[in-house]
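Hello,

Here is the structure for you to look at. Please open it alongside the notes that follow.

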Amino acid sequence: RKVYFPSVNRAPEPEEAADPPAPARAGETVLIVEDEPTVRQLTRRALEGAGYRVVEAADSEAALSVVTADGAAVNLVLTDVVMPGMNGKELARRVQQLRPDLPVLFTSGYTDGEIARRGLLEASDPLLQKPYSPGSIVRFVREHLDAAGSLGSAAAADPA
């Protein structure tokens, strides 16, 4: 096989820099649920760099423990879709039973088509594809916190 590319006689135009994501507001806490330690660590660094407080869980059971713990002031759950044991969609369902006000966002290395074929998410579920940049994960979290009213009832329980 051969691949042909058109010839170009000019330098590429520089990409426009995206607006930097808005930083966290005081007291905003994100629960990262990710079974891959490297991805969890990189996501944590990106979110902490933007000012978020981050709590980590390596699986869904640990995440449910965080959500149900007394005094847990989690404002958003960011979960991988495909994990050993309970998948991200089932985790979201259980989180919503415990805290209907708590937004749950999804990340996945699988394509949208594969996720749909497996019936893992609905088209309306907020999904960010891996790999993602630090800026894109921070923007994704900020947009959904803003849409959910950010601190919601968790801030009232723990004014930090």
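**Helix packing and a cavity**

In this predicted model, helix 1 and helix 5 pack with their axes 9 Å apart, at an angle of about 65°. Helix 1 is therefore roughly perpendicular to helix 5, given that 65 to 115 degrees counts as such. The crossing of the two, helix 1 and helix 5, is right-handed.

Helix 5 covers residues 134-147, and P134 belongs to it. P134 is exposed: its relative accessible area is 55%, and the cut-off for exposed is over 50%. P134 also pairs up in space with T43: their C-alpha atoms are 7.0 Å apart, although 91 residues separate them in sequence.

T43 brings us to the interior, since T43 is among the residues that line the largest cavity. The count is one cavity of 30 Å³ or more, and the space in the largest cavity is about 40 Å³.

The lining of the largest cavity is as follows:

- Its residues are I32, V33, E34, V39, T43, L78, T79, D80, T107 and Y132.
- At least two residues each come from strand 1 (29-33), helix 1 (37-49) and strand 3 (76-80).
- Strand 3 gives the largest share, with three residues.
- By class, five residues are nonpolar, three polar and two charged.

Helix 1 thus appears twice in these notes: it packs against helix 5, and it supplies at least two residues of the cavity lining.

Regards

Definitions and conventions
Residues numbered from 1 in each chain as written. Predicted model: local features only at pLDDT ≥ 70, side-chain atom pairs only at ≥ 80, totals over all residues. Heavy atoms only, no water. Helix = DSSP H or I, 4+ residues; strand = E, 2+ residues; numbered from the N terminus. Buried < 20%, exposed > 50% of the residue type's maximum accessible area, 1.4 Å probe, protein only. 1 Å grid on protein atoms, 1.4 Å probe; cavity = no way out; pocket = protein on both sides within 12 Å on 5 of 7 lines; lining within 4 Å. Points joined across faces, edges and corners; volume = space filled by probe spheres on them. Nonpolar A, V, L, I, M, F, W, Y, C, P; charged D, E, K, R; others polar. Axes fitted to C-alpha atoms, helices over the stretch in contact; angles between N-to-C directions. Parallel < 35°, antiparallel > 145°, perpendicular 65-115°, else oblique. Left-handed = near helix turned anticlockwise from the far one by under 90°.
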